[in-house]
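Hi,

Here is the structure I promised to pass on to you. Have a look at it first, and my notes follow just below.

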Amino acid sequence: MTFAELGLSAPTLEALAHLGYEHPTPIQEQAIPPLLEGRDVVGQAQTGTGKTAAFGLPMIEYADPDDPEVQALVLTPTRELCIQVTQALRAYGQRHRVDVVAVFGGAPIRDQAVRLKDAQVVVGTVGRVMDMIDRHHLFLEQARYVVLDEADEMLDLGFLEDVEAILRRCPMGRQTALFSATVPPEIQRLADTFMHDPVTIRVRSATLTIDTVDHHYVEVPDREKPDALVRVLKEERPEQAIVFVRTKVGVDRLGRRLTDAGVRVKTLHGDMPQGQRDGVMIAFKEGRERLLVATDVAARGLDITGVSHVVNYDIPNSPDIYVHRIGRTGRAGESGRAITLITPRQRRELAAIERHARTQIEPWAPGERRTQRERAEREAWRPRHTKPHSRDGVPYAKLILGAGRTDGLEPADVVGAVVDHTHLENDDVRHVRVLERFSFVEVPEPRAREVAEKMSGKRIRGTRLRAEVTNRP
Ligand code: AMP
């Protein structure tokens with residue numbers, strides 16, 4: 001599926017190309033067409049699935065830049081999510097001249113009220129939106145496209161009545177979309193009361209991410225955790241990492257320990273003044289800070305593209321939280337690393353996470369990361385063909401290899417093995433697919449048998465390979 005096939009306009013497609021989105025995610029494939037048709041949608045999906053674009057792209061298509069009224073509204077439970085959705089909508093609407101305005105508590109109401117005068121799309125936290133309505137700064141009589149984002153969080157935070165009051169201010173004939181990680185009875189009731197024959201879409205967990213992440217653990221006694229963390233950070237050299245700590249006090253304490261050890265970090269938790277929290281968040285999002293130590297609550301809904309590492313300094317209380325935390329790394333096809341510190345008594349909890357997330361968490365080994373990095377650098381420098389050749393017209397054949405993800409294989413390993421053991425070059429190798437227990441790779445047909453013979457018996461990541469030419473399509 002392509003974004004064009006979903007029915008999006010040329011300016012939107014340009015904006016997406018600019019952002020580097022190549023293919024729609026499952027929730028986008030399923031939600032965008034009915035939303036463009038004007039249908040109501042209930043989407044069960046978490047952060048990390050691409051839900052913001054799922055409702056945001058049709059919203060941008062819907063908004064008319066020549067109409068000065070507020071035409072669309074997104075309600076969010078937290079200011080963090082509010083800021084993030086606003087940034088995303090502005091990016092999607094780059095080519096559309098639509099004014100997207102954020103309203104959230106903790107910042108001067110007067111400045112936001114001034115900006116609301118030009119707003120066509122409003123993204124707001126529930127409390128501040130109520131406030132703006134009461135003070136006659138915000139009018140929703142023309143808001144015909146309304147989104148409730150992370151509805152279950154709004155319920156948990158006690159905002160449901162306000163949400164209902166806001167919905168009653170919007171036109172009856174509006175289109176409503178509701179996104180929620182879970183759908184408890186109260187949310188179902190809200191949907192039944194305020195939505196019209198919605199299309200229901202369910203996407204399992206953070207599908208964008210979990211498969212593209214390498215999971216590791218480090219086992220140490222409790223008192224050695226700070227030193228272990230410093231070791232991990234020095235060895236891994238993350239581009240950007242979030243370190244999760246269970247409590248606010250723990251965040252502060254670890255922040256100090258790391259600073260004392262000469263590691264530059266910022267901390268984020270709910271007891272910090274709002275202004276300071278925003279400052280940290282923005283500095284991290286813009287890449288000015290590399291390491292963030294945070295509680296789950298403070299980092300909730302905070303999506304940070306390009307975070308290379310998630311470190312669980314404290315093992316999460318439940319497997320769900322693990323998946324949710326990891327949802328912050330390995331975005332958009334880039335692979336990420338997740339490292340969890342456990343004490344010897346927490347092995348059982350780790351096993352529960354492995355089962356729930358259907359993934360393997362391997363012991364962390366110092367040095368491994370360095371080897372990976374060095375190999376990537378080597379491959380980047382491997383000399384290219386000196387004489388250009390066209391692969392057009394050359395038939396390709398598919399090889400099947402008797403090793404896969406369970407053996408720790410990655411696509412780069414397969415390409416590396418072919419190139420190391422034959423005379424083929426990187427460019428000759430194509431369509432590598434690493435499955436659970438097998439992998440496939442395509443090579444030029446005239447060389448296929450020879451490649452299979454040369455690779456058979458060789459080791460990749462400690463596994464001895466079997467390679468055969470296959471007739472499978
Ligand atoms: P969300 O679940 O909306 O918080 O989005 C998760 C992350 O995935 C964000 O960083 C988006 O920018 C990114 N993203 C969303 N859709 C796509 C896509 N189709 N291709 C690549 N990245 C995407």
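The largest nonpolar core of this predicted model holds 65 residues, and the members that touch the most others are Leu73, Val121, Val122 and Val123. If you want a place to begin, try Leu73: setting aside neighbours within four places in sequence, Leu73 is in contact with Val122, Leu140, Ala143, Val146 and Cys170. Another core lies apart from that one, with 39 residues, including Tyr217, Tyr313, Val323 and Trp364.

Val323 also turns up where two helices meet. Helix α14 (residues 319-326) and helix α15 (residues 347-357) have axes that come within 9 Å and cross at roughly 65°, which means that α14 is roughly perpendicular to α15. Their crossing is right-handed. On the α14 side the contact is made by Pro319, Tyr322 and Val323, and on the α15 side by Ala352, Ile353, His356 and Ala357. Sorted by class, the contact of α14 with α15 has six nonpolar residues, one polar residue and no charged ones.

Next, helix α2, which spans residues 26-37. Which of its residues are buried? They are Ile27, Gln28, Gln30, Ala31, Ile32 and Leu35. And what do the buried residues of α2 pack against? Their partners are the strands β1 (41-44), β6 (175-180) and β7 (199-202), together with helix α3 (51-62). Just after α2 comes Gly38, which has a positive phi, near 95°.

Enjoy exploring, and do write back with any questions!

Best wishes

Note on methods: Residues numbered from 1 in each chain as written. Predicted model: local features only at pLDDT ≥ 70, side-chain atom pairs only at ≥ 80, totals over all residues. Axes fitted to C-alpha atoms, helices over the stretch in contact; angles between N-to-C directions. Helix = DSSP H or I, 4+ residues; strand = E, 2+ residues; numbered from the N terminus. Parallel < 35°, antiparallel > 145°, perpendicular 65-115°, else oblique. Left-handed = near helix turned anticlockwise from the far one by under 90°. Contact = placed C-beta atoms within 7 Å. Nonpolar A, V, L, I, M, F, W, Y, C, P; charged D, E, K, R; others polar. Core = buried A, V, L, I, M, F, W, Y, C linked by C-beta atoms within 7 Å. Buried ≥ 20, exposed ≤ 12 C-beta atoms within 10 Å, placed from the backbone.
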